[in-house]
Amino acid sequence: MSAQRDHRVLVFAPVGRDGPASAELLRNANLEAVNCRDLAELVTEMTAGVGTVFLAEEGLFGKDTAALAQWIAGQPPWSDLPFVVLTSHRERPAVVAWRRSIVELLRNVSLLERPVQPITLTSAIQSAMRARRRQYEIRALLEAREQTAQELEKLVIERTRALEEANEQLRLEMKERARVEETLRQAQKIEAIGQLTGGVAHDFNNLLMVISGGLDMLDRQTDPNRRRRLMDGMIQAAQRGASLTKQLLAFSRRQKLRPQPVDVAAQIGGMRELLDRSLRGDVHVEFDFPEQLWPVEVDPGELELVILNLAVNARDAMPHGGTIIVRGENLPDLKDDQISGDYVRLSVIDTGIGMPPEILSRVFEPFFTTKDVGKGSGLGLAQVHGFATQSQGTVRIQSEVGRGTSIELYLPRSFDAPSSPRHLVDLTRARPKKSNQGRILLVEDDDEVAALVSEMLGQLGYDVTRASSAAAALGALADGRSIDLIFSDIMMPGGMNGVELAREVRKRRSDIPILLTSGYAEASVHEAESAGIEILPKPYHIDELAAALAAAKSGLRGDAGSKRSNSG
């Protein structure tokens with residue numbers, strides 16, 4: 001069909017002058033009309049393009065209408081060609097029956113009975129043309145839809161191919177991302193261990209102090225009980241060193257996550273040696289776990305790394321020292337927008353500087369950090385968030401400027417029994433003997449070191465009173481006890497280190513000499529030297545201890561102390 005011919009009126013009235021006259025009438029009404037002389041020409045013109053057909057019924061009398069019927073039956077779904085038929089007055093049964101068959105053949109028919117007014121004919125033809133135009137609009141819509149469908153199919157094929165390529169690229173990127181994430185996890189572990197290097201050195205020097213000092217003391221002891229006590233202390237120190245080394249190796253391991261039922265209290269409680277003194281001397285860690293705390297299904301090494309990260313962040317948030325509380329709570333039948341069921345809430349709480357809302361909203365973003373360049377990668381809290389999510393839990397944070405921060409891990413309860421039992425460590429204290437060389441106030445928070453040093457001081461002839469913190473030492477002085485010398489560790493929990501204790505003692509009792517010691521004195525060496533306070537680095541032998549005590553009592557700096565004060 002031609003678009004230009006789609007709006008033609010085909011006239012078929014082969015008897016008399018009806019055909020030419022009707023065509024002329026329609027042309028005068030601005031309609032394009034074509035007069036067809038026979039039925040074959042009509043069908044041919046209909047095939048070329050047609051808007052409507054005006055025919056006189058007598059033109060079909062006795063004619064073979066098969067071609068016309070075939071054209072009408074073969075119309076596409078959108079087409080129903082309108083016919084306007086001019087009929088006669090004949091009402092004989094045969095004519096009426098034949099007329100009925102013609103109407104059924106043509107389908108979409110409007111009948112006009114002779115005589116007909118020109119305006120009536122023109123109006124009927126125009127009405128049929130309007131109906132045909134609506135059909136053409138439907139044809140256009142269908143063609144547009146078909147074209148769109150073809151374009152969409154082509155687009156789908158192209159997109160499918162692009163999607164396959166993108167999926168392949170995504171698989172490669174996911175593989176690379178897994179490799180990068182593992183690398184970042186290892187980097188974070190190394191960073192965490194690096195931040196604790198000083199504290200670990202202090203811890204190991206304490207252990208070496210017990211072992212080397214104990215070996216030194218064995219040659220000076222004849223009492224079997226005291227030798228046995230020294231041996232037990234050295235064995236326990238060696239065991240603690242092995243445990244600490246095992247924890248460090250666990251942090252640095254490279255393997256896939258292996259979730260398993262974990263006794264939270266036992267697992268984190270076993271980190272005390274790594275946390276309690278390693279964070280900083282003025283930062284103390286307290287554990288608050290109920291007796292029946294549920295086990296959780298996590299990777300135990302990752303759990304320890306999370307606690308380590310959170311403890312380091314809490315330490316950095318408390319520049320003037322304080323207490324970090326690690327608390328566990330059972331939350332039965334917890335329901336909220338993110339999680340539902342039995343959960344264990346593991347909180348790490350500090351009393352530090354806190355965070356404003358604009359910082360709080362970004363703390364879990366990878367590589368976001370408020371620390372100075374070189375002091376933090378910004379991976380710590382991102383790793384915490386990833387661990388909680390991967391463990392089918394979540395993490396939440398509460399913080400207020402000037403009041404501290406609480407980071408809460410919600411970990412799903414495990415109904416399987418943990419593989420490792422909970423261990424409790426019972427450390428004994430040695431009781432020094434009375435002597436006549438003077439009275440020493442020993443300030444040492446490590447029980448094993450305190451027991452050994454008390455033995456060494458007793459061997460040197462001193463009467464020893466032990467305090468486990470700076471506050472306890474000041475309390476002992478306030479009791480009015482007679483003290484000839486104070487021998488104190490530098491790094492201690494409780495908010496006051498050894499240098500600060502020495503300054504406070506000098507304010508109260510300037511007549512008491514003070515000797516300090518530490519397994520990691522680097523941060524306090526210059527403070528102590530500027531204050532004129534001797535530092536005896538750990539580990540030390542009994543002869544070095546005796547010389548340092550004598551130098552402190554006489555107000556002089558011993559040779560051994562001056563040579564080694566910068567090495568701690």
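Contact here means heavy atoms within 4.5 Å. With that in hand, here are the close-ups of this predicted model.

**Figure 1. Helix 13 packs against helix 17.** The title pair meets through Met 456, Leu 457 and Gln 459 in helix 13 and Ile 542, Leu 545 and Leu 549 in helix 17. Two packed helices are described by the angle between their axes and the distance between the axes. For helix 13 (residues 447-459) and helix 17 (residues 542-554), the axes come within 10 Å and cross at roughly 70 degrees. Angles of 65 to 115 degrees count as roughly perpendicular, and helix 13 and helix 17 are therefore roughly perpendicular to each other. The crossing of helix 13 past helix 17 is right-handed.

**Figure 2. An open sheet is built from five strands.** Read across the sheet, the strand order is 14-13-15-16-17, with parallel pairing. Strand 14 (463-467) and strand 17 (534-537) sit at the edges, each pairing on one side only. From one strand to the next, the twist averages 25 degrees. As a reminder, strands of a sheet pair through backbone hydrogen bonds, either parallel or antiparallel.

**Figure 3. Strand 15 lies beside strand 16 in the parallel sense.** Four bridges join strand 15 (residues 485-489) to strand 16 (residues 514-518). To find your place in this view, look for Asp 489, which stands opposite Thr 517 in strand 16.

**Figure 4. Strand 17 is an edge strand with both faces covered.** Its pairing with strand 16 is parallel and runs over four bridges. A handy landmark is Ser 518, whose bridge partner in strand 17 is Pro 537. In a regular strand the side chains alternate between the two faces of the sheet. Which residues of strand 17 lie on each side? Glu 534 and Leu 536 are on one side, while Ile 535 and Pro 537 are on the other, and all of these are buried. Pro 537 thus appears twice in this view, as the bridge partner of Ser 518 and as a buried residue of strand 17.

**Figure 5. The whole chain gives the close-ups their setting.** How many helices and strands does the chain have? There are 18 helices and 17 strands. The chain has 568 residues, and 46% of them count as buried. Among contacts with a separation of 6 or more, 76% are between residues 24 or more positions apart. The accessible surface of the chain comes to about 29,200 Å², and carbon and sulfur atoms account for 52% of that surface.

Technical notes: Residues are numbered from 1 along each chain as its sequence is written. This is a predicted model: local features need pLDDT of at least 70, side-chain atom pairs count only at pLDDT 80 or more; totals for chains, interfaces and linings use all residues. Side-chain values use heavy atoms; hydrogens and water are left out. Two strands pair if DSSP finds at least two bridges between them. Helices (H or I, at least four residues) and strands (E, at least two) are DSSP runs, numbered from the N terminus. Axes are lines fitted to C-alpha atoms, for helices over the stretch in contact, and angles run from 0 to 180 degrees between N-to-C directions. Buried means under 20% relative accessible area, exposed over 50%, partly exposed in between (1.4 Å probe, protein chains only). Accessible areas come from the Shrake-Rupley method with a 1.4 Å probe; for residues, only the protein chains shown count as cover. Angles under 35 degrees count as roughly parallel, over 145 as roughly antiparallel, 65 to 115 as roughly perpendicular and the rest as oblique. A crossing is left-handed if the near helix is turned anticlockwise from the far one by less than a right angle, and right-handed if clockwise.
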